[in-house]
Amino acid sequence: MAGRWWLGLFGLVAAVELTGVALDSTAMQWAAKPLLAPLLLGWLLAVRRRWDPVATALVCATAGDVALLVPGTTAFLIGMGCFLGTQAAFLVAFLRRRRPPAVAVAGYLALWAVGNALLWGRLGDLRLPVLGYSLALSLMAAAGWGVSRRVAAGGALFLLSDLLIGVGATGAELPGHGLWVMTTYLAALLLITTGWADRPPPTAVR
């Protein structure tokens with residue numbers, strides 16, 4: 001398969017990133033995290049040989065990953081803005097392929113409403129940014145159901161990863177919180193990218 005070595009490198013760098021999270025090593029995370037989405041982008045371009053909104057989404061994800069390595073609320077908001085671009089680009093790509101089932105849209109919107117209601121009182125100044133970002137994220141996850149099961153699974157994991165970040169922003173963290181966030185995020189990117197590449201592009205109009 002074309003570009004298979006890109007996925008091998010992604011797996012290696014992902015292992016370094018997860019080790020860095022587990023050891024709380026800032027150096028390892030700075031060395032690995034900015035390479036994750038670009039490696040998937042390299043694989044996607046090697047396979048598809050064309051630029052599309054999913055490629056744009058991976059560029060935005062790279063910028064978001066770098067921003068979130070920097071401590072502080074400002075960097076967090078910049079990272080959220082970058083990932084808003086990721087969700088918007090994924091959403092455009094998925095909707096161009098096929099409309100998602102209405103039940104998926106309704107289910108994710110209900111989850112969005114409940115999740116924000118539960119976290120609202122503890123997010124402080126992040127309330128409105130989280131409200132808008134989580135809406136885009138939920139719509140992206142729902143739209144993934146119109147592409148394939150693998151993309152839908154990736155969208156669900158992306159939502160779970162960011163939900164864990166939202167819970168962490170309120171001061172509540174699960175044991176191994178950082179590992180859960182990164183593992184679900186890495187799986188989400190991998191599933192969405194490979195699932196998207198498995199779908200043939202729309203037939204060009206002649």
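**Close-ups of a predicted helical model**

Valine 16 sits in helix H1, residues 4-23. Everything here comes from a predicted model, where local features need pLDDT of at least 70, side-chain atom pairs count only at pLDDT 80 or more, and totals for chains, interfaces and linings use all residues. Residues are numbered from 1 along each chain as its sequence is written, and side-chain values use heavy atoms, with hydrogens and water left out.

**View 1. A nonpolar patch that includes Val16.** Helices here are DSSP runs (H or I, at least four residues), as strands are (E, at least two), numbered from the N terminus. Trp5, Leu9, Leu12 and Val16 together make a nonpolar surface patch of about 380 Å². To join a patch, a residue needs over 30% relative accessible area and no salt bridge; nonpolar side chains (Val, Leu, Ile, Met, Phe, Trp, Tyr) are joined within 5 Å, like charges within 9 Å. The areas come from the Shrake-Rupley method with a 1.4 Å probe, and for residues only the protein chains shown count as cover. Valine 16 has a relative accessible area of 31%, so it is partly exposed; the scale calls under 20% buried, over 50% exposed and anything in between partly exposed (1.4 Å probe, protein chains only).

**View 2. Two tryptophan rings, Trp5 and Trp6.** Rings of Phe, Tyr and Trp (its six-membered ring) pair if their centres lie within 6.5 Å; planes under 30 degrees apart are stacked, over 60 edge-to-face, and the rest tilted. That rule gives 6 aromatic pairs. In one of them, tryptophan 5 and tryptophan 6 have ring centres 4.6 Å apart and planes at 25°, so they count as stacked. Tryptophan 5 is exposed at 54% relative accessible area, while tryptophan 6 is partly exposed at 23%.

**View 3. Phe83 meets Tyr185.** Here the aromatic pair is edge-to-face, with phenylalanine 83 and tyrosine 185 at 5.8 Å centre to centre and 85° between the planes. The two rings bring together distant parts of the chain, 102 residues apart: phenylalanine 83 belongs to helix H4 (residues 73-97) and tyrosine 185 to helix H8. Both phenylalanine 83 and tyrosine 185 are buried. Add Phe158, and ring pairs link Phe83, Phe158 and Tyr185 into a cluster.

**View 4. Histidine 177 in helix H8.** This helix covers residues 177-198. Histidine 177 has a relative accessible area of 11%, so it counts as buried. Leaving aside residues up to four places away in sequence, histidine 177 touches Leu164, Ile165, Gly168 and Ala172, where contact means heavy atoms within 4.5 Å.

**View 5. A salt bridge between Asp198 and Arg150.** Searching the whole structure turns up 1 salt bridge, meaning a side-chain nitrogen of Lys or Arg within 4 Å of a carboxyl oxygen of Asp or Glu. The side chains of aspartate 198 and arginine 150 meet at 3.0 Å, N to O. Aspartate 198 is in helix H8 and arginine 150 in helix H7 (residues 149-169), 48 residues apart. Aspartate 198 is partly exposed at 45% relative accessibility, and arginine 150 is partly exposed at 35%.

**View 6. Positive phi at Asp24 and Arg49.** Aspartate 24 isn't a glycine, yet its phi is near 55°. Aspartate 24 lies in the loop between H1 and helix H2 (26-48) and is exposed, at 64% relative accessible area. Arginine 49, also not a glycine, has a positive phi of about 55°. Look for arginine 49 in the loop between H2 and helix H3 (53-68); with 70% relative accessibility, arginine 49 counts as exposed.
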